[in-house]
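Work through the exercises below with the sequence and the model in view. Each task is followed by a solution in steps.

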Amino acid sequence: MTLKFDDCADRAIEGGQGCPVTWRRLITLRPGGCMESLSLFSAIVAVCSAAVAALFSYWQQRRLRSWEQHNYMDRYGASLAWATFDLQTRLYNILHGHVVDLDSSRGSGFLTSFLTRGTDREADFVRRSTVFVLAEYLGWVEILRRDIQFLDLGRSRVNTQIMLQISRIGASLARIDTVSNELRLFRAQQRAIGELMVHPDGEPGRRRCLGYAEFCAKLEHDNGFAEWFSVLLADVDRLAADTAPAITRLQDLQTQLVTLIDLLDPKRARFPEFRLAFDRDSHTPG
């Protein structure tokens, strides 16, 4: 069916004048053509709306994940920084104490004073607390690994550096030395001890490590738990007997830990002092 329309018919009727032939045009409409066009337009609008909604949802999820990661890093980063500081401080005291022991005029070093010549209670404290600060550090690394999944490394240069430094510390802990293996832990052992140190009542975003009192209680009453730390506890006694063979390994580990602190606390807000890397040459007497 063909319909002819005069595009100026209405004006011709109203004005009483004819319409020039050159103004006329012929419009041919097929039955159902308008409905098909309307349906196609509606489909296009629906597809575009769905695409926009999907993109918006994806954007929201990315922002939420970014916020969660930032929140986790703020919360866990401080705890990791404290654990790192405690471990490097203990290593520094052991290393510095060895230098002090070399010069009798300076008295006795840390391990000699409190483990070798101290009371049984002092010796037990030094032994357990040394192992605890190492285990606590590994516990916070494990928590970070579980909850943040190493963050979105492509979007944060600092987070990338932090995770790379944690990896370097792990390599230093696992380092094989022909003359000293005190406090050495291979990667799998590091993960295992870290898992043991994570408090069982925690949940994503709210995890924590065992405290020192909890750690000591488990050493005394949980044989399976204590077995993982028996060699490390004995290592502290071996270091007290002769620290010299372990100096190179422990100095490297302590230096790597200080580097991590510099990344976690670049403005020195938490640790303004006592975060120097041990330098054996500057501490050697004479």
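## Exercise 1: A ring pair in one helix

Tryptophan 82 and phenylalanine 85 lie 3 residues apart in helix H2 (residues 33-101), so about one helical turn separates them. Helices here are DSSP runs of H or I with at least four residues, strands are runs of E with at least two, and both are numbered from the N terminus. This is a predicted model, in which local features need pLDDT of at least 70, side-chain atom pairs count only at pLDDT 80 or more, and totals for chains, interfaces and linings use all residues. Residues are numbered from 1 along each chain as its sequence is written, and side-chain values use heavy atoms, with hydrogens and water left out.

Task: classify the pair formed by tryptophan 82 and phenylalanine 85.

Solution.
1. Rings of Phe, Tyr and Trp (its six-membered ring) pair if their centres lie within 6.5 Å; planes under 30 degrees apart are stacked, over 60 edge-to-face, and the rest tilted.
2. By this rule the count comes to 12 aromatic pairs.
3. For tryptophan 82 and phenylalanine 85, the centres are 6.4 Å apart and the planes stand at 85 degrees, an edge-to-face pair.

Task: is phenylalanine 85 buried or exposed?

Solution.
1. Buried means under 20% relative accessible area, exposed over 50%, and partly exposed in between (1.4 Å probe, protein chains only).
2. Phenylalanine 85 has 13%, so it is buried.
3. Tryptophan 82, at 44%, is partly exposed.

## Exercise 2: A second pair

Task: classify the pair of phenylalanine 110 and phenylalanine 114.

Solution.
1. Their ring centres are 5.7 Å apart with the planes at 50 degrees, so the pair is tilted.
2. Both residues belong to helix H3 (residues 110-116), 4 residues apart, about one turn of the helix.
3. Phenylalanine 110 is buried, because its relative accessibility is 18%; phenylalanine 114, at 37%, is partly exposed.

## Exercise 3: The core

Task: which helix gives the most to the largest nonpolar core?

Solution.
1. A nonpolar core is a set of buried Ala, Val, Leu, Ile, Met, Phe, Trp, Tyr and Cys residues joined through side-chain atoms within 4.5 Å.
2. The largest one has 60 residues, and Tyr137 is among those with the most contacts inside it.
3. Helix H4 (residues 120-148) gives the most, with 14 residues.
4. Beyond its neighbours within four places in sequence, tyrosine 137 has contacts (heavy atoms within 4.5 Å) that include Leu80, Ile166 and Leu260.
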